[in-house]
Amino acid sequence: STLWSSAHRLPEWIDWHAAQGFDHFVIYDNDREPHGPIEQILKEHIDGGLVSYRWFPIQNCMSSIHHRRMDEAQISGSMAALHRVGYTAEYLSYTDGDEFLVPLEKDKTVQQIATQVFEANPSLAAIEWRPTVMAPCNGTNVEAYGSILHKWQCKTDQHYADIKLIVRTSTMFYFCIHYAIITKNGDTAETIRLDDATQGYHAHFRAENDAGSTTRDSYSGVVESRWNDRVDYFDDYLAKAKTSTKQQQRQ
């Protein structure tokens, strides 16, 4: 993941995806100065070997005009991850710190679903995860202090953001954030899009609604009745997190 000014959200994001079977995280910090709050708040994860930190001070994001330029932060970050550390992993996902990959198959993690799909399709280069916005269940504007998963437990229908990928590192040569482009053999990358009602999707927490942001989205009317159930797949995770917090407080 490449991110900026999101340090306080990272531990929850990492813990969620670690519980989903991700065994290592490479964080590309494009803050203007190295060794800032992102590295500091992740010190325990870094020291424990779960996270690798990279200072990556490219400030310009992807634009719609120059969509696939390699000097843009997201493109160069994703390619750095694929070609510098991808060889150490069987699969790689390049996602933002405000996106949660969510499995829907009973008793299966993201890693288990990905492995199942890749093994069933030997020529597959990438799995696509469709997006949905995480929203407050009361359908109103919210100051999102504290845990994302505690406060944003409803989802809207699919929105403007693009899909995200899990790629097979032995096959993929170039992907452009949301799009699998070409394999190492020079072929067009083959993809499969998960069924977002039965297999999985990525839940996008809109960071501009976070504490301290100058902008706010209004979710009034966005959460339709067919989407307004609590996301029960978070319940076990939240219960464990709450227990862990209480144990730490006792210590």
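1. Contact order. In this predicted model, 71% of the contacts with a separation of 6 or more are made by residues 24 or more positions apart. The secondary structure consists of seven helices and 13 strands. Of the 251 residues, 48% count as buried.

2. Main core. The largest nonpolar core holds 23 residues, and Leu165, Val167, Met172 and Phe175 have the most contacts inside it. At least two residues each come from β2 (25–29), α4 (73–85), β9 (164–168) and β10 (172–176). The biggest contributor is α4, with six residues. As background, nonpolar side chains in soluble globular proteins tend to be buried together.

3. Met172. Setting aside neighbours within four places in sequence, Met172 is in contact with Leu82, Ala125, Ala126 and Val167, and also with Ala180, Ile181, Ile182, Thr183, Lys184 and Ala189. Of these partners, Val167 is also listed among the core residues with the most contacts.

4. Second core. A separate core of 16 residues includes Leu10, Trp16, Tyr53 and Tyr201. Leu10 and Trp16 also appear among the buried residues of α1, together with Glu12, Trp13, Ile14 and His17. After α1 comes Gly21, with a positive phi near 100°.

5. Helix α5. The buried residues of this helix are Val110, Ile113, Ala114, Thr115, Val117 and Phe118. An α-helix has 3.6 residues a turn, so residues three or four places apart point the same way. The buried list fits that spacing in pairs such as Val110 and Ile113, or Ala114 and Phe118. The cover over the buried residues of α5 includes β4, β5 (99–103), β6, β9 and β12.

6. Salt bridges between distant segments. There are six salt bridges in the structure. Side chains of opposite charge can pair when their charged atoms come close. Glu128 and Arg193 meet at 2.8 Å, N to O. This pair links strand β6 (residues 126–129), which holds Glu128, to strand β12 (residues 191–193), which holds Arg193, across 65 residues. Glu128 counts as buried at 12% relative accessibility, whereas Arg193 is partly exposed at 46%.

7. A further link from loop to loop. Arg130 and Asp196 form a salt bridge at 3.9 Å, N to O. Arg130 sits in the loop between β6 and β7 (131–135) and Asp196 in the loop between β12 and β13 (200–205), so the bridge ties together parts 66 residues apart in sequence. The cut-off is 4 Å, and the 3.9 Å of this pair should be read with that in mind. Arg130 is partly exposed, with a relative accessible area of 29%, and Asp196 is buried, at 17%.

8. Remaining charged pairs. Asp96, Glu99 and Lys164 are joined into one network by salt bridges that share partners. The side chains of Glu105 and Lys108 also meet in a salt bridge, at 3.1 Å, N to O. In that pair Glu105 is buried, with a relative accessible area of 17%, and Lys108 is partly exposed, with 29%.

9. Second largest pocket. What is its volume, and which elements line it? The volume is about 650 Å³. Of the 27 lining residues, Phe22, His24, Ala89, Tyr91 and Leu92 are the closest to the centre. Two or more lining residues come from each of α1 (10–19), β2, α4, β4 (91–93) and α5 (110–120). The largest share, four residues, is that of α5. By class, the lining has 13 nonpolar, 11 polar and three charged residues. Two of these elements, β2 and α4, also supply residues to the largest nonpolar core.

10. Backbone points to check. Two residues that are not glycine have a positive phi of about 60°: His35 and Asp107. His35 is found in the loop between β2 and α2 (37–41), and Asp107 in the loop between β5 and α5. His35 counts as exposed at 52% relative accessibility, and Asp107 counts as exposed at 69%. For His35, the cut-off for exposed is over 50%.

Conventions: Residues are numbered from 1 along each chain as its sequence is written. This is a predicted model: local features need pLDDT of at least 70, side-chain atom pairs count only at pLDDT 80 or more; totals for chains, interfaces and linings use all residues. Side-chain values use heavy atoms; hydrogens and water are left out. A nonpolar core is a set of buried Ala, Val, Leu, Ile, Met, Phe, Trp, Tyr and Cys residues joined through side-chain atoms within 4.5 Å. Buried means under 20% relative accessible area, exposed over 50%, partly exposed in between (1.4 Å probe, protein chains only). Contact means heavy atoms within 4.5 Å. On a 1 Å grid over the protein atoms alone, a cavity is a set of points where a 1.4 Å probe fits but cannot get out, and a pocket is an open set with protein on both sides within 12 Å along at least five of seven lines; lining residues have an atom within 4 Å of a point. Grid points are joined across faces, edges and corners, and a volume is the space filled by probe spheres set on the points. Ala, Val, Leu, Ile, Met, Phe, Trp, Tyr, Cys and Pro count as nonpolar, Asp, Glu, Lys and Arg as charged, and the others, Gly among them, as polar.
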